[in-house]
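User: Can you walk me through this one? I want to start with the enclosed spaces and then jump around a bit.

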Amino acid sequence: RPTIDRELLESLPNLKVIGNSGVGVDHLDLKMISNFGVKVTNTPHAVVDSTADIGMALMLASARRLVEGCQIAVSPDTKHFAVDWLGVEVTRATLGIIGMGSIGYKVAQRARAFNMRILYHNRNRRRKEEEEAVGAHYCEKWEDLLQQSDFVMLVVNLTPETHKLIGKKELGLMKPTATLINISRGAVIDQDALVEALQNKVIRAAALDVTYPEPLPRAHPLLKLNNVIITPHIGTATVQAIHMMAEEAIANMLAVLNGQRAPSEV
Amino acid sequence: RGIRVGYTPDVLTDATAELSVALLLAACRRLPEAVEQVKTGGWTTWKPLWMCGYGLSDSTVGIIGLGRIGQAVARRLKPFGVKKFLYTGSRPKPESAAEFEAEFVPLTRLAEESDFVVVTCALTPATQGMCNKDFFSRMKKTSVFVNTSRGAVVNQEDLYDALAHGQIAAAGLDVTTPEPLPTDHPLLSLKNCGEWWVILPHIGSATYATRSTMAVLAANNLLAGLQGQPMPHELLL
């Protein structure tokens with residue numbers, strides 16, 4: 001996709017709006033764009049279901065060792081399936097959701113159906129009815145969430161406040177049997193600290209749909225660990241989501257061009 | 001020969017249902033393929049339709065065999081935004097189906113209308129080879145087929161043909177005939193064609209918690225049998 005830089009904006013004097021596909025806008029210099037009098041819109045609604053789905057897919061794949069299992073099932077070296085080859089159960093485990101916005105809440109709805117105990121931390125506490133609907137307990141101190149969770153899922157957006165939110169200290173607070181799942185942005189995690197934590201078995205495993213940078217260089221230490229699953233930012237890669245993102249982006253852009261308030265102006 | 005048989009029903013319902021959902025998601029979101037792309041350098045700059053899969057929102061899910069495991073699968077899939085549940089089996093089960101407003105339909109209609117088919121029935125003479133050429137030919141080109149019951153419920157040659165010719169989009173199998181599949185089996189050759197499948201080594205109940213419970217139950221069955229006592233779970237022959 002084109003990089004939205006000063007040079008591009010100077011060459012497009014009649015540009016009124018940039019319609020971003022997807023919800024994250026951390027890749028855009030919003031201040032600079034605003035100085036050119038250009039509006040920015042995103043697609044927060046279109047991404048919710050598919051991203052919540054991938055969060056669940058990663059949590060389940062990690063817990064039940066799906067990627068490893070597939071390799072074993074098709075390997076020429078496999079003569080029989082070992083009965084003591086085991087994973088951990090998601091059902092009735094504790095899920096800690098950091099970031100309970102639209103996507104985080106949809107994750108909670110899905111996790112509840114697995115009888116998971118749900119803890120969450122958010123800038124603002126959700127309404128009581130919303131908490132009760134998914135059986136979620138608010139952790140004002142997110143240290144409590146980190147210490148009690150079997151699975152920690154990051155569903156925040158990337159801001160200066162959430163940059164390297166999860167570092168050595170936070171990983172140290174997690175259970176040694178815990179799994180960290182990231183469907184937000186790579187930079188929310190201190191990746192070097194994560195590599196160290198995984199190498200030293202400070203936590204059990206990680207499953208990441210997002211990294212820093214993207215793509216992750218093939219020689220990166222994260223790719224050498226056997227307790228990490230990394231997918232190439234496919235959170236919104238479904239037929240449905242792509243269709244909805246296009247529709248949402250167009251609706252937003254048309255609103256701006258027609259002088260109306262865009263539903264999702266950033 | 002008068003040998004009694006004990007077994008371990010019920011205690012593996014959650015683990016198996018959970019694995020079925022894990023397998024469905026891995027197949028419809030192309031997880032093993034995606035992971036491979038990251039490792040081999042197929043992941044380059046962002047492209048809009050790359051590695052595109054299917055979502056569950058507004059979908060129709062067809063469950064073959066709405067027993068304990070089938071119900072547990074439906075329960076887990078419901079909040080993913082499934083619009084409709086269909087099920088089939090030897091007879092309707094209105095008490096079990098009510099929770100999901102699931103509709104009892106013939107096998108053929110389940111194949112035709114489902115976006116996701118999940119097989120969770122027992123292997124019996126009636127279900128052997130049930131998922132065959134006719135079944136797959138009725139399924140949607142965009143559909144995903146998941147089997148966590150027994151390999152023999154599926155005609156594997158017909159499944160291979162269906163995948164190879166794009167009659168269905170993807171398959172997730174925790175069970176095959178035999179286990180493991182021989183390395184020269186046609187299904188495994190599809191890997192190079194970019195077809196999506198996920199095959200797992202029969203790990204439906206493979207968690208520490210569940211296998212421990214199964215082991216204890218199996219031991220108790222055995223001890224009761226040896227002592228001529230009623231078993232916790234006897235398979236009556």
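Analyst: Leu222(A), Leu223(A), Leu225(A), Val228(A), Ile229(A), Ile230(A), Val35(B), Val38(B) and Lys39(B) line the second largest cavity. This is a predicted model, in which local features need pLDDT of at least 70, side-chain atom pairs count only at pLDDT 80 or more, and totals for chains, interfaces and linings use all residues. Residues are numbered from 1 along each chain as its sequence is written, chains are lettered from A and ligands numbered from 1 in the order in which they are written, and side-chain values use heavy atoms, with hydrogens and water left out.

User: What counts as a cavity here, and what as a lining residue?

Analyst: On a 1 Å grid over the protein atoms alone, a cavity is a set of points where a 1.4 Å probe fits but cannot get out, and lining residues have an atom within 4 Å of a point. A volume is the space filled by probe spheres set on the points, which are joined across faces, edges and corners.

User: How much space lies in the second largest cavity, and which elements supply at least two residues of its lining?

Analyst: The volume is about 50 Å³. Strand E9 (228-230) of chain A and helix H2 (31-40) of chain B each supply at least two lining residues. Elements are DSSP runs numbered from the N terminus: helices are H or I with at least four residues, strands E with at least two.

User: How does that lining divide by class?

Analyst: Eight residues are nonpolar, none is polar and one is charged. Nonpolar covers Ala, Val, Leu, Ile, Met, Phe, Trp, Tyr, Cys and Pro, charged covers Asp, Glu, Lys and Arg, and the others, Gly among them, are polar.

User: How many cavities of 30 Å³ or more are there, and what is the volume of the largest?

Analyst: Three turn up in a search of the whole structure. The largest cavity has about 60 Å³. Its lining includes Asp49(A), Asp53(A) and Met244(A), as well as Gly55(B), Leu56(B) and Ser57(B). Helix H3 (48-63) and helix H10 (239-257) of chain A are the elements that give two or more residues to this lining. By class, the lining of the largest cavity has four nonpolar, five polar and two charged residues.

User: Which domains of chain A does that lining draw on?

Analyst: At least three residues come from each of domain 1 (6-45 + 238-258) and domain 2 (49-230). The bounds come from an automatic or database domain assignment. Taken over C-alpha atoms, the centres of the two domains of chain A are 30 Å apart.

User: What does UniProt place at residues 56-235 of chain A?

Analyst: An unreviewed entry has "domain: D-isomer specific 2-hydroxyacid dehydrogenase NAD-binding" there. UniProt positions are given in the numbering used here, feature names are shortened, and annotations may be inferred rather than shown by experiment. Over residues 56-235 chain A is 32% helix and 16% strand, with the end C-alpha atoms 11 Å apart.

User: Changing topic: how many disulfides does the structure hold?

Analyst: Zero, over all chains, where a disulfide is a pair of cysteine sulfur atoms within 2.5 Å.

User: Why is Cys70(A) not in a bond?

Analyst: Because the closest cysteine sulfur, in Cys28(B), is 15 Å from the sulfur of Cys70(A), too far for a bond. Cys70(A) is buried, at 7% relative accessible area; buried means under 20%, exposed over 50% and partly exposed in between, with a 1.4 Å probe and protein chains only.

User: And where is the nearest cysteine sulfur to Cys131(B)?

Analyst: In Cys121(B), 7.0 Å away, and Cys131(B) is in no disulfide. Cys131(B) is buried, at 0% relative accessibility.

User: Now backbone oddities. Which peptide bond leading to Pro178(B) is cis?

Analyst: The one from Thr177(B), with omega near -10 degrees. The bond from Glu179(B) to Pro180(B) is also cis, with omega near -5 degrees. Pro178(B) sits in the loop between strand E7 (170-173) and helix H8 (186-189) of chain B, and Pro180(B) is found in the loop between E7 and H8 too.

User: What about phi at His233(A)?

Analyst: Phi is positive, about 50 degrees, although His233(A) is not a glycine. His233(A) lies in the loop between E9 and H10 of chain A and is partly exposed, at 28% relative accessible area.

User: Is Asp58(B) buried or exposed?

Analyst: Exposed, at 54% relative accessibility. Asp58(B) has a positive phi of about 65 degrees, although it is not a glycine, and lies in the loop between H2 and strand E2 (60-64) of chain B.

Note on methods. 1 Å grid on protein atoms, 1.4 Å probe; cavity = no way out; pocket = protein on both sides within 12 Å on 5 of 7 lines; lining within 4 Å.
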